[in-house]
Amino acid sequence: MRAPHVTDLRGVDVAVYGIPFDTATSYRSGPRFGPEAIRSASALIRPYHPVHDVNVVDALSIVDYGDLPVSPGDTERTYGQVEEALSPIVDAGVFPAALGGDHSITLAELRAVARKHGPVALLQLDAHADTWESYFGQRYFHGTTFKRAAEEKLLDPSASVQAGMRGSVYAADDLQGARDLGFTVLTSDELRALTPQQYAELVREKVGERPVFFSFDIDFLDPAFAPGTGTPEIAGFSSAEAVGYLRALRGINLVGCDVVEVSPSYDGPGQQTALAAANVMWELLALRALA
């Protein structure tokens, strides 16, 4: 959206920043290049949201805070760097909006957000629940993020909704593990059976007035709409369906968000994955503008 690169947070409502990290990917690497691809794809986005009847840029002072420091090859050190870099944003009451990066980065974001807001409600649109105990023997990986977050009490699973899960898994109880942690889990078939309004009603019933962190994994979308990602799963959602679910959430108490797993080297010639990610972020900022 051509937001200015600013690190002075005075008078700022929203800081959009990149976390160019992909050490914790399990299949195709490349999301470290996601932030720049999403920024480039956002150049065409205009400020007025006709459905919500809000000029996002007038309602919010939005800056591009740049990329946070990371250490390729060292996930836990990167977590520390991200938490430290996010502290001044969160402490200043500025809304943090991240461009990923693989999904492991969300754990560090949640640590920073939870220090201010306490355990948050998680809304997650994703092809995978990311609640495995470990992946390749590692506890901190993009497939373990939300189990660690639940263990660290950064979020309240009973108030959280994960939706869009699909594809092959390792065992019959893989998704049950997420439910056992307390998450409400909707498979892709279960989500498709709901209208956007019904999905939003379910979310509001679970979330209530709690602060919400929204995490959008671009592999929620079908590879036909978002080929540029590391773990694509067929039979996913269209960009139009995703926008419908997001717009129905008007009124939630959104305190942070991210869009993750954009891997530009696998994108199409029109960069449709990055374009979808940029527009998802715009939809999330529109929800914030309505708060």
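Gly101 lies in the loop between strand β5 (95-100) and helix α4 (105-117), and the bond that joins Gly100 and Gly101 is a cis peptide bond, with an omega of about 15°. The structure described here is a predicted model, and every value below was computed from it.

**The chain as a whole**

The protein chain has 10 helices and 10 strands. Its radius of gyration is 17 Å, close to the 19 Å that the globule rule gives for 291 residues, so the chain is as compact as a globular protein of that length. Along the principal axes, the C-alpha trace spans about 50 × 40 × 40 Å.

Of the 291 residues of the protein chain, 59% count as buried, while the accessible surface comes to about 11500 Å², with 51% of that area belonging to carbon and sulfur atoms. When contacts between residues at least 6 apart in sequence are considered, 78% of them join residues at least 24 apart. As for charge, the protein chain carries 23 positive and 38 negative side chains, and the centres of these two sets lie 3 Å apart.

**Accessibility of selected residues**

The table gathers the relative accessibility of six residues that are taken up in the text.

| Residue | Relative accessibility | Class |
|---|---|---|
| Ala178 | 0% | buried |
| Thr229 | 1% | buried |
| Gln81 | 16% | buried |
| Asp74 | 33% | partly exposed |
| Phe136 | 61% | exposed |
| Lys153 | 62% | exposed |

**Around the start of helix α3**

Asp74 has its place in the loop between strand β4 (62-67) and helix α3, a helix that is made up of residues 75-91 and contains Gln81. A polar atom of the side chain of Asp74 lies 3.0 Å from the backbone nitrogen of Arg77. Not counting residues up to four places away in sequence, Asp74 touches Phe21 and Thr23. The C-alpha atoms of Asp74 and Ala24 are separated by 8.9 Å, although these two residues stand 50 residues apart along the chain. Asp74 is partly exposed because its relative accessible area of 33% falls between the limits of 20% and 50%.

Gln81, by contrast in class, counts as buried at 16% relative accessibility, since buried means under 20%. The side chain of Gln81 is joined to the side chain of Ser71 by a polar contact of 2.8 Å. If residues up to four places away in sequence are set aside, Gln81 touches Pro69 and Val70 as well as Ser71, so that Ser71 appears both as a contact and as the partner in the polar pair.

**Two buried residues further along the chain**

Ala178 belongs to helix α6, which runs over residues 174-180, and at 0% relative accessibility Ala178 counts as buried. What does Ala178 touch, not counting residues up to four places away in sequence? The residues in question are Ala129, Thr131, Gln162, Phe183 and Val185. The C-alpha atom of Ala178 is separated by 34 Å from that of Ala41, a residue 137 residues apart from Ala178 along the chain.

Thr229 is found in the loop between strand β9 (212-217) and helix α9 (239-247), and although its place is in a loop, Thr229 counts as buried at 1% relative accessibility. The side chain of Thr229 reaches the backbone oxygen of Glu261 at 2.7 Å. Leaving aside neighbours within four places in sequence, Thr229 is in contact with Asp217, Ile218 and Asp219, with Glu261, Ser263 and Tyr266, and also with Arg28.

**Two exposed residues with positive phi**

Phe136 and Lys153 can be read together. Phe136 is found in the loop between strand β6 (121-125) and helix α5 (145-151), and its phi is near 50°, a positive value in a residue other than glycine. Lys153 lies in the loop between helix α5 and strand β7 (161-165), and the phi of Lys153 is near 60°, again a positive value in a residue other than glycine. Is Phe136 buried or exposed? At 61% relative accessibility, Phe136 counts as exposed, because the class begins over 50%, and Lys153 counts as exposed too, at 62%.

Definitions and conventions
Residues numbered from 1 in each chain as written. Predicted model: local features only at pLDDT ≥ 70, side-chain atom pairs only at ≥ 80, totals over all residues. Heavy atoms only, no water. Helix = DSSP H or I, 4+ residues; strand = E, 2+ residues; numbered from the N terminus. Buried < 20%, exposed > 50% of the residue type's maximum accessible area, 1.4 Å probe, protein only. Polar contact = N/O pair within 3.5 Å; in protein donor to acceptor, adjacent residues only side chain to side chain. Contact = heavy atoms within 4.5 Å. Rg over C-alpha atoms; globule rule 2.2 N^0.38 Å. Areas by Shrake-Rupley, 256 points an atom, 1.4 Å probe, with all protein chains shown as cover. Lys, Arg positive; Asp, Glu negative; His and termini not counted. Charge placed at Lys NZ, Arg CZ, Asp CG, Glu CD.
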